[in-house]
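Here's a quick briefing on how some helices pack in this one, plus a few backbone oddities to look up. Have the viewer open as you go.

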Amino acid sequence: MSTLGPLPAGEKEFVVLLDQATGYGTVVGLGFAFAVLMIITSYAQKKFFKEFDPTTASEFATASRSIKAGLICCGITSAWTWSATLLQSSTATYQDGLSAAWWYGVGGTIQIAFFSMIAAKVKMNANGCVTFLQIVKARYGVPCHMLFTFYALVCVHVVTGSLILGASATVNTLTTMPIIACNFLLPVGIAIYVIAGGLRCDTTTATFICDFLHTCILFVVIYIFVFTAYGTSSEIGSPGKLWDLLQQAAIDTPVAGNKDGSYLVSLTLSLSVDSQDNRSSFYLQTMRSNSGIVFAACTIASGFSGVFCDQGYWQRAIASKPESTTKAYMLGALSWFSIPWAFGTTMGLSARGLLRSAKFPTYPYALSTAQQSAGLVAPAAAIAMLGKGGAAAVLIVTFMAATSAASSELIAVSSIIVYDIIGTYIKTLTGPQIVKYSHITIGLFAIWGGCWATILNKAGIDLGWLFYVQGVALTPAVIPIGLTVCWSRLSATAAFWGTLFGTVCGMIGWMVGCWKIYGEINITNLALPYSAISGSAPGLVLSAIATLILAWIFPDNGDWTNTRAIASADRGNTPSDAHDVVVRRDSDVKDGSTADVDAEKAAERIRVSSVEEDIVEPEPELDREMLQRVFVKAAYVSGALALIITILIPMPLFGTSYIFSRKFFTAWIAVAIIWVLSAGIFCILLPIWESRKEIHLIVVGATGLRKKNVKVDA
């Protein structure tokens, strides 16, 4: 290997290969295309499957609770694949080494796996709900409902900001399209097709079918980059060549604090900080890295808060068929894990290995700190490998990731506003009113999302900042929210004060940690890894401890009567009672009973909108014993998965300071490729197979070969 010396100091703007017209065409054109597709899909759905009418509130928000495992798996993978998933996993791998891609996957996967248990309990104890906040209201009353509504809205804003900022930064870098224009056009375009289709297409027809299309495109692009990097690229071409490039990178640009400046050394006891970019030293071919472990902790905290506090994930559990809920979430967890692992490893390490290539967009300089934080590592690797085609591929996949997850957030925020604010505290809504207010909310929040992203951009807050701060802001609510549907002993006192105690501890830890570690509290330092973990760790752990102690001192003896009495918007018990569903506290109501009682005598009135115009046949009785068995099975499977990917695989490598050899590195890449190929089967082929009868009926109905409006067995 030749020794070329260190890279020259300095920075350079990206070489722009695409013009503004391409950026506008992608953001506006593809958004319009999806809107047209959703209108056609919704029309076909209404025409051929009248039981799934997207104009009803239940279908719009929950897809009539009829989605099968394959499409739920696809929806989970799509919704959890934010632009940050692709961009931040690549950036972290570029900075901290291959361990970062693995830990990013772990940080999002174990939460989805554990949420499969929550999903079973939702079906078991609150199958009629639309939002998880309705369960909170039914169990604890107004104070807790308002507190967790606040956390849910904070989560929506963090996620929305991450999605729009990440996509806008990438589109701006690749096409020079103005960031502010992208900030507004992206969410508005998404809102149009979400309004056209409701949840079934992104979380169910405007949300689930779009999820499927987004996921197909996502995996195709990932496969292109993976097989280019390890097969056809003239710059890399094989895992072994990439291994060689990484060793050469250690010679060319030695890492301060590492033996011989190598990227392959084991961890030293002291943390080396590179003063040039204020990042921890990276170790590209070992799982043992201080910065990698801190990144893993931040990712796990961010992932827990992003799943448990996000109404979008609860909405998918609510929308699924009871017997398929847990299976879908486990498949979704396994499928999603492959994306940051395979994509982050490929793009992050390729960018590091190709810094010397004349095709690298900032050649002869490395990426600047600002460019890394904006998530531009993956675009840089794509351009270096595929030139203009690579830039276009990253542009499309980033747009797909942003639109899929953002459409889910629009449905989620509309459900929160309509069901938990307007329908709970302002007035009772009928089904058509719910759909009307949902449309209005989606449109208004899309505009506000553009404003919010622009505010963050002008404040100097980017994708990386939001990624680290998400865990700090939301982890105190994770355990109380999760236990709300699982543990009847949890009381309103424990849920409310446990969350507030964790919040205070988290905020104190965040500020003190930033001050002690980095010497100054400012916007930049607050989002650095050690600041973030100083806030998210106490927020999560101390909130859990306080909640459990308070539940032991002030227990509740709920029997789920109130939560099981929640009725969905289009479903009344009989035509005569299709108005408010009114229940008492457990002490006043026998199991399974509801009563229209005087307000002075009722301990609690749960306002759940129903529809006089859309009375439908009652749902079949749930098999709660079966769901309990599913819950126990999910607990074992999710626990085993978490043990394997967080302990059994990485910790021996970490503990032995093993440095990846050429053969081991090749095997590692091979397993990642096999995993991402299997994920494509789960997310692309399984939904088609499960829906083969419905697809057949639509085709023959559209061609006039069979009577239309045929009812399909779920």
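At what angle do helix 4 and helix 16 pack, and how far apart are their axes? This is a predicted model, and in it the two helices pack at about 130 degrees with axes 7 Å apart. That puts helix 4 oblique to helix 16, since an angle that is neither under 35, over 145 nor from 65 to 115 degrees counts as oblique. The rest is sorted by topic below.

**Helix 4 against helix 16**
- On the helix 4 side (residues 83-96), the contact uses Ser 83, Leu 86 and Leu 87, which meet Val 397, Thr 398 and Ala 401 of helix 16.
- By residue type, this contact has four nonpolar residues, two polar and no charged.

**Helix 4 against helix 13**
- Helix 4 also meets helix 13 (residues 325-353): their axes come within 7 Å and cross at roughly 50 degrees.
- With that angle, helix 4 is oblique to helix 13 as well, and the crossing is right-handed.
- Helix 4 brings Thr 85, Leu 86, Ser 89, Ser 90, Thr 93 and Tyr 94 to the contact.
- The helix 13 partners include Trp 336, Ile 339, Pro 340, Phe 343, Gly 344, Met 347, Gly 348 and Arg 352.
- The tally here is nine nonpolar, seven polar and one charged.
- Leu 86 is worth clicking on: it appears in the contact with helix 13 and in the one with helix 16.

**Helix 13 against helix 26**
- Helix 13 packs on helix 26 too, at about 135 degrees and with the axes 8 Å apart.
- These two are therefore oblique to each other, and helix 13 passes helix 26 in a left-handed crossing.
- From helix 13, the contact residues include Leu 331, Leu 334, Phe 337, Trp 341, Thr 345 and Leu 349.
- From helix 26, they include Phe 665, Trp 668, Ile 669, Trp 675, Phe 682 and Leu 686.
- This contact divides into 17 nonpolar residues, three polar and no charged.
- Thr 345 and Leu 349 of helix 13 take part here and also in the contact with helix 4.

**Helix lengths and a kink**
- Helix 26 (residues 662-690) has 29 residues, so at 1.5 Å a residue it should span 42 Å, and its end C-alpha atoms are indeed 42 Å apart.
- Helix 26 still has a kink of about 25 degrees, at Ile 684, shortly before the proline Pro 687.
- Helix 17 (residues 431-458) passes the same kind of check: its 28 residues should span 40 Å at 1.5 Å a residue, and the end C-alpha atoms are 40 Å apart.

**Backbone spots to look at**
- After helix 17 comes Gly 460, with a positive phi near 80 degrees.
- Thr 176 has a positive phi as well, near 65 degrees, despite being a residue other than glycine.
- You'll find Thr 176 in the loop between helix 7 (142-175) and helix 8 (179-197).
- The peptide bond from Tyr 363 to Pro 364 is cis, with omega near 10 degrees.
- Pro 364 sits in the loop between helix 13 and helix 14 (369-373).

Definitions and conventions: Residues are numbered from 1 along each chain as its sequence is written. This is a predicted model: local features need pLDDT of at least 70, side-chain atom pairs count only at pLDDT 80 or more; totals for chains, interfaces and linings use all residues. Side-chain values use heavy atoms; hydrogens and water are left out. Axes are lines fitted to C-alpha atoms, for helices over the stretch in contact, and angles run from 0 to 180 degrees between N-to-C directions. Helices (H or I, at least four residues) and strands (E, at least two) are DSSP runs, numbered from the N terminus. A crossing is left-handed if the near helix is turned anticlockwise from the far one by less than a right angle, and right-handed if clockwise. Contact means heavy atoms within 4.5 Å. Ala, Val, Leu, Ile, Met, Phe, Trp, Tyr, Cys and Pro count as nonpolar, Asp, Glu, Lys and Arg as charged, and the others, Gly among them, as polar. The expected span of a helix is 1.5 Å times one less than its number of residues. The bend at a residue is the angle between axes fitted to the seven residues ending there and the seven starting there.
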